[in-house]
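Me: I'd like a close look at one part of this protein, with its surroundings filled in afterwards. Could you take me through it step by step?

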Amino acid sequence: MEVVGYGHSSNSLRPSHPLSLFNFRPTFSSATFISFKNQPIKCLQVRAVASPAGFDEMVSGTERKYYMLGGKGGVGKTSCAASLAVKFANNGHPTLVVSTDPAHSLSDSFAQDLAGGTLVPVEGPYSPLFALELNPEKAKEEFRSATQISGGSGIKDFMDGMGLGVLAEQLGELKLGELLDTPPPGLDEAIAISKVMQFLESQEYNIFTRIVFDTAPTGHTLRLLSLPDFLDKSIGKILKLRQKIASATSAIKSVFGQEGTPKPDAADKLERLRERMIKVRELFRDTTSTEFIIVTIPTVMAISESSRLCASLKMEDVPVKRLIANQILPPSASDCKFCAMKRKDQSRALDMIQNDPELSSLMLKKNLTLHQLIRCFQSHLPTNCIDGL
Ligand SMILES: Nc1ncnc2c1ncn2[C@@H]1O[C@H](COP(=O)(O)OP(=O)(O)OP(=O)(O)O)[C@@H](O)[C@H]1O
């Protein structure tokens, strides 16, 4: 189990800025300095802070691989995802880092404006690195339009769109309206991921050999994981129903001499949506190309939530092999009261990982944090908390 820390030679970048998380250019000295209130702080040997355990295996090979980083809110998913993407790019992989988290903070991490839903090049790394913040709201709109025909909304228009409005009333009790009018939670992220997959299939984006997803906090991810099956079943039901009704109506129409088939576009849209969801589900479960990395912090609550997330991922057959324990207090010979208490809590939480039936099997990488150091400086200079560096 390796412990690494990081810093940057100028305090222009936030401590967790991904470019400050790496020995960004080999020309850097073996250790770098940050200045804080003009106090030079010698940081640990700067290495890839978020290169999870077994990084060499992750960076090997040129076939495309997907890494999804997820975990409890605020643990450092975005920082680690951005850092990992920089590390891949610095190891020769044209890389795309995508945030599907509705509360984006990728722009903050790169200190670049990435909003707008298009790929933005990130300056600095050796190989091309592009970032993308997807707007899940827009993605959700796409779902709604799959059920709204000619500007209407809901099941009645959906059935009208198939020329079956006359039967919509009888179907009311099937509650199909709710499914179509209020998209299930996690749908926006599922559609956002399927959008990324769509354009990654196109020629112009086939350069990317590493795709890093900064996903939304745990709850979202869990709903997202079960969503494709849910949608597959419900859309399947609707389309089967359409089939039944279509043959019933054409029989009725042929009796009254009115030939004609229901408008296909609504059903086609739903069918396409269903195919996209199945692709998302397959992506999540592809052990050769995809891996989910859990990011956590050393607190009892975060470790417990990470254990539940790990169990759910395994239940959904999502490959998960690594755990990043982020924001760990750096070693120090003598602690202030604050750090001593914090360190005790952290080691108790880290012991939980070793004893947890789900997490203990994962490769663990511990990431130090600079925030505690800076807080120490703020609360009581001089440097009795950092002399261990
Ligand atoms: N190792 C670290 N050392 C110091 N600060 C860190 C570290 N990792 C993350 N941070 C800081 O913690 C805060 C949260 O980080 P980040 O936004 O990456 O978390 P997140 O899990 O993506 O959050 P959210 O769930 O809100 O999207 C940020 O201010 C970031 O700068």
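Me: Is Leu227 buried or exposed, and what is its relative accessible area?

Reply: Happy to take a look with you. Please keep in mind that this is a predicted model. Leu227 has a relative accessible area of 2%, and because the cut-off for buried is under 20%, Leu227 counts as buried. The residue is part of helix H9, which covers residues 218-255. For a sense of what lies across from Leu227 in space, take Ile278: the two are 51 residues apart in sequence, yet their C-alpha atoms are 9.7 Å apart.

A neighbouring topic is helix H10, which spans residues 265-285 and holds Asp268. Asp268 is partly exposed, with a relative accessibility of 37%, whereas Leu227 is buried. Between the C-alpha atoms of Asp268 and Lys279 there are 16 Å, for a distance of 11 residues along the chain.

Now for the wider setting of that buried leucine. The protein has 389 residues, and 53% of them count as buried. Its secondary structure consists of 13 helices and 11 strands. Among contacts with a separation of 6 or more, 78% are between residues 24 or more positions apart. In soluble globular proteins, nonpolar side chains tend to be buried together. Here the largest nonpolar core has 49 residues, and the members that touch the most others are Leu96, Val196, Leu200, Phe213, Phe284, Phe292 and Ile294. Helix H8, residues 187-200, supplies the largest share of this core with eight residues. There is also a second, separate core of 26 residues, with Leu69, Leu114, Val120 and Val295 among them.

Strand E8 is a good place to continue. All five of its residues, 210-214, are buried, so the strand is largely enclosed by the rest of the structure. Both of its faces are covered: Arg210, Val212 and Asp214 are buried on one side, and Ile211 and Phe213 are buried on the other. Phe213 is also one of the residues touching the most other members of the largest core. E8 has two pairing partners to look at. Strand E4, residues 65-71, runs parallel to E8 and is joined to it by five bridges, with Leu69 standing opposite Asp214. That same Leu69 is included in the second core. Strand E5, residues 95-99, also pairs with E8 in the parallel sense over five bridges, and here Thr95 stands opposite Arg210.

Another region worth your time involves strands E10 and E11. In E11, residues 363-368, five of the six residues are buried, so this strand too is largely enclosed by the rest of the structure. Its pairing with E10, residues 320-328, is parallel and made over five bridges. Ile328 of that pair stands opposite Leu368 in E11. Ile328 also links us to a helix: its C-alpha atom is 9.5 Å from that of Lys342, with their positions 14 residues apart along the chain. Lys342 is found in helix H12 and is partly exposed at a relative accessible area of 25%.

H12, residues 337-355, packs against H11, residues 300-315, at an angle of about 20°, and the two axes are 9 Å apart. An angle under 35 degrees counts as roughly parallel, and that makes H11 roughly parallel to H12. The crossing of H11 past H12 is right-handed. At the interface, Val300, Ile303 and Ser304 of H11 meet Arg348, Ala349, Met352 and Ile353 of H12.

Finally, a word on backbone geometry, which you may want to check yourself. Most residues other than glycine have a negative phi, and most peptide bonds are trans. Gln327 has a positive phi near 60° without being a glycine. This residue lies in strand E10 and is partly exposed, at 28% relative accessibility. Ala111 likewise has a positive phi, about 50°, and is not a glycine. Ala111 sits in the loop between helix H3 (106-110) and strand E6 (120-121), and with 58% relative accessibility it counts as exposed. To return to where you began, Leu227 is buried, with a relative accessible area of 2%.

Terms used:
Residues numbered from 1 in each chain as written. Predicted model: local features only at pLDDT ≥ 70, side-chain atom pairs only at ≥ 80, totals over all residues. Heavy atoms only, no water. Core = buried A, V, L, I, M, F, W, Y, C linked by side-chain atoms within 4.5 Å. Buried < 20%, exposed > 50% of the residue type's maximum accessible area, 1.4 Å probe, protein only. Helix = DSSP H or I, 4+ residues; strand = E, 2+ residues; numbered from the N terminus. Pairing = 2+ DSSP bridges. Axes fitted to C-alpha atoms, helices over the stretch in contact; angles between N-to-C directions. Parallel < 35°, antiparallel > 145°, perpendicular 65-115°, else oblique. Left-handed = near helix turned anticlockwise from the far one by under 90°. Contact = heavy atoms within 4.5 Å.
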